[in-house]
Amino acid sequence: MEYWDDDAHLVLFAVRPASQRQGVGSSILAWLEACAVVAGSKRVRVEARLDSVAARSFYNQHGYHEICLKRRMYSGAADGVNLEKWLRIPNDA
Ligand SMILES: CC(C)(COP(=O)(O)OP(=O)(O)OC[C@H]1O[C@@H](n2cnc3c(N)ncnc32)[C@H](O)[C@@H]1OP(=O)(O)O)[C@@H](O)C(=O)NCCC(=O)NCCS
């Protein structure tokens, strides 16, 4: 995770294949989001490959919205999608 003024940017995130679909990613993502709130972030941004059903479903499941498609985002070849999630700050109105 990278931290900017109001944003946190999830740069690299993966779960070992043998451990996928067991809630590991969800637990780590929740912990990273809690850290981002403590760091003062209001939003988490992340990118995923357009053809990655696992990543897009995972982030959608956790309240991330798909903002825009980016052609040739990965190495100038694979298309990607930008996602974001607005964090709930404790005591925020
Ligand atoms: C995306 C990724 C991190 C998810 O990690 P995970 O530990 O398997 O995720 P969880 O077990 O917490 O899954 C939570 C929910 O996400 C969704 N999901 C996760 N993997 C999915 C898949 N392969 N297909 C469809 N939905 C999926 C499901 O809704 C799942 O809930 P369920 O298992 O009750 O149906 C993992 O698949 C991964 O490392 N993929 C390769 C790298 C990658 O794409 N990283 C993200 C881009 S930065």
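Here is a short friendly conversation about this predicted model.

Colleague: Glad to have a guide! How many helices and strands are there in the protein?
Modeller: Let's walk through the elements from the N terminus, where they run β-β-α-β-α-β-β. Each α in that order stands for a helix and each β for a strand. Counted up, the protein has 2 helices and 5 strands.

Colleague: Is the protein as compact as a globular protein of that length, or less so?
Modeller: The elements run β-β-α-β-α-β-β. For 93 residues the globule rule gives 12 Å, and the radius of gyration of the protein is 14 Å. These values are close, so the protein is as compact as a globular protein of that length.

Colleague: What share of the contacts in the protein join residues at least 24 apart?
Modeller: Here we take contacts between residues at least 6 apart in sequence. Of these, the share that joins residues at least 24 apart is 57%.

Colleague: Let's turn to E3. Which of its side chains point to the buried face?
Modeller: In a regular strand, side chains alternate between the two faces of the sheet. E3 shows this alternation, with Arg43, Arg45, Glu47 and Arg49 pointing to one face and not buried. The side chains that point to the other face, and are buried, belong to Val44, Val46 and Ala48.

Colleague: Which strand runs parallel to E3, and which runs antiparallel?
Modeller: Strand E2, residues 7–10, is joined to E3 by 4 bridges, and Ala8 stands opposite Val44 there. Strand E5, residues 78–86, is joined to E3 by 7 bridges, and Arg49 has Gly80 as its bridge partner. The parallel one is E2, and the antiparallel one is E5.

Colleague: What is the handedness of the β-α-β unit that E2, H1 and E3 make?
Modeller: Two of its parts, E2 and E3, run parallel. Together with H1 they make a β-α-β unit that is right-handed.

Colleague: And the ligand: which element gives the most residues to the shell around it?
Modeller: The ligand is surrounded by 19 residues, the closest being Gln20, Gly25, Ser26, Ala54 and Ser57. Elements that give two or more residues to this shell are helix H1 (24–38), strand E3 (43–49) and helix H2 (53–61). The one that gives the most, with 6 residues, is H2.

Colleague: How many residues of that shell are charged?
Modeller: The shell around the ligand divides into three groups. There are 10 nonpolar residues and 8 polar ones. The charged group holds 1.

Definitions and conventions: Residues numbered from 1 in each chain as written. Predicted model: local features only at pLDDT ≥ 70, side-chain atom pairs only at ≥ 80, totals over all residues. Near = placed C-beta within 6 Å. Nonpolar A, V, L, I, M, F, W, Y, C, P; charged D, E, K, R; others polar. Rg over C-alpha atoms; globule rule 2.2 N^0.38 Å. Contact = placed C-beta atoms within 7 Å. Buried ≥ 20, exposed ≤ 12 C-beta atoms within 10 Å, placed from the backbone. Pairing = 2+ DSSP bridges. Right-handed = clockwise from strand over helix to strand, strands pointing away.
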